[in-house]
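Hi,

Here is the structure I promised to pass on. Please have a look, and my notes follow underneath.

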Amino acid sequence: MQNKEREKNFLPLWAVVVLDTLALGAALVVFALFHHVLPRSVSPAQTVRPVSATPALVWTPSATAAPTPVLEAAGDLPENTPEPDTRSPWAIQFESHFTEDTVITENSYSSPNVAVEVSRLELRHGDRLNVCYVADIYIADIRSFRSYLPQDEEGYGMRLEMGEMARQSDAIAAMTGDMYAFQGASLVLRNGELYRDGRWQTYQTHCALFYDGTMAVYGPDEIDYEAAMADGAWQIWSFGPVLVRDGKPSGDYGSGMAVDDPNPRAALGYYEPGHYCFVVVDGRRPNYSFGMTFEELAELFVDLGCECAYNLDGGGSAVMMLNGQGVNIPSGGGRELSDIILIAEPPAEESEAVK
Amino acid sequence: MKRLLLAILPHAVLVLALMFLVLLVLHEYNPYMNFIGSSVSRIWLLAFCVLAIANSVVCIVRERR
């Protein structure tokens with residue numbers, strides 16, 4: 001009798017299975033909400049300044065302009081006295097790419113400080129056709145290579161569409177960043193400002209751009225945040241994998257089943273200080289562009305001649321813009337992003353981060 | 001209330017265990033989303049551990065009665 005009464009108080013087995021399944025669904029929804037839906041607000045906590053031993057390519061012509069010749073007491077300037085060259089070293093080194101006036105075409109931008117040219121490549125990997133866009137970038141001032149983190153009244157961490165961020169940041173060329181607000185808790189350093197101090201999260205890969213224009217890539221647990229900031233890191237990104245190191249494919253691209261498959265990609269390449277490239281690969285459209293594996297993407301950067309290359313957020317996030325116009329066809333129409341990397345004219349006044 | 005909590009406890013442990021199985025599969029599918037190592041995952045893992053301990057204690061106490 002007592003057992004029968006106990007049995008009456010129990011739900012039928014099918015009801016228990018249904019309720020537990022619903023509870024599992026609810027738990028996964030709550031997890032997703034806090035893991036990658038709700039933005040995580042961050043605020044600048046520290047400014048990283050360039051070290052004196054590694055001067056920033058933040059060009060102030062008065063600092064190192066050639067000295068004017070000493071005038072004779074009773075004479076004029078000697079004839080044919082050359083005008084002091086006040087251009088930055090990069091502007092001199094890459095002068096064939098810069099123009100005296102700003103020139104904007106459908107696939108390029110050039111000015112005295114910035115030169116960007118976008119090329120469309122059609123590559124075939126086996127029976128797969130891939131369309132990718134390579135933005136070849138020359139800058140005269142490191143401040144032209146920036147990140148943009150949109151913020152609202154609650155601080156940073158919000159998401160916006162690429163077009164709106166490019167407009168707000170006066171970007172000449174822009175590409176998706178590393179979605180810092182929605183992945184991990186690694187250190188976030190942008191434009192010389194430390195936004196998230198995840199110094200103990202070194203297990204991810206990183207890419208650092210320094211004030212002197214050099215770029216370095218780091219595998220899991222390779223980065224020393226303190227050393228990188230002491231060496232004058234201007235930007236640190238964390239997504240990965242590292243595609244190219246020392247001019248060769250890194251060979252270590254992770255083991256995610258879906259991620260390793262051909263996908264739309266966005267990645268950053270480095271040739272030498274002042275010379276970089278953005279690469280976006282369209283994908284998930286078999287009749288147009290299938291997408292690339294990391295190995296194929298690494299080979300592309302090696303063929304381009306990059307010293308190092310680093311993968312950023314791809315898939316639906318892979319978007320590139322030039323002169324306010326979309327360059328590629330983002331998968332699924334693109335998505336809202338938490339940050340972008342961009343090329344813009346250097347600010348007229350010296351920013352606080354580089355004083 | 002106590003009966004209700006003791007009745008829910010094993011189901012909560014089951015749900016969390018299944019959730020982490022799902023996260024492990026998703027992590028293999030796309031490790032860059034950091035489903036296992038994120039701070040959110042660690043909070044859920046902590047809850048799972050606490051509930052599993054509580055459930056085990058309840059079972060052991062019942063067994064010994």
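Below is what I found, beginning with how to read the model.

This is a predicted model, in which local features need pLDDT of at least 70, side-chain atom pairs count only at pLDDT 80 or more, and totals for chains, interfaces and linings use all residues. Residues are numbered from 1 along each chain as its sequence is written, while chains are lettered from A and ligands numbered from 1 in the order in which they are written.

Confidence in chain A: its average pLDDT (the predictor's confidence in each residue, from 0 to 100) is 83, and 77% of the residues score at least 70. The pLDDT falls below 50 over residues 52-56 of chain A, a stretch with 13 contacts beyond near neighbours in sequence; a contact means C-beta atoms, placed from the backbone, within 7 Å. Where pLDDT is low, the predicted coordinates should not be read in detail.

Now to helix 1 of chain B, residues 2-29 (helices are DSSP runs of H or I, at least four residues, numbered from the N terminus). Its end C-alpha atoms are 41 Å apart, which agrees with the 40 Å that 28 residues should span at 1.5 Å a residue (the expected span is 1.5 Å times one less than the number of residues). A kink of about 30 degrees lies at B:Leu9, shortly before B:Pro10; the bend is the angle between axes fitted to the seven residues ending there and the seven starting there. B:Val13, B:Val15, B:Leu16, B:Met19 and B:Leu23 are buried in this helix (20 or more other C-beta atoms within 10 Å; exposed is 12 or fewer). The buried residues of helix 1 pack against helix 2 of chain A and helix 2 of chain B.

In helix 2 of chain B sits B:Val61, which is exposed because 9 other C-beta atoms lie within 10 Å.

Best wishes

Technical notes
Helix = DSSP H or I, 4+ residues; strand = E, 2+ residues; numbered from the N terminus. Contact = placed C-beta atoms within 7 Å.
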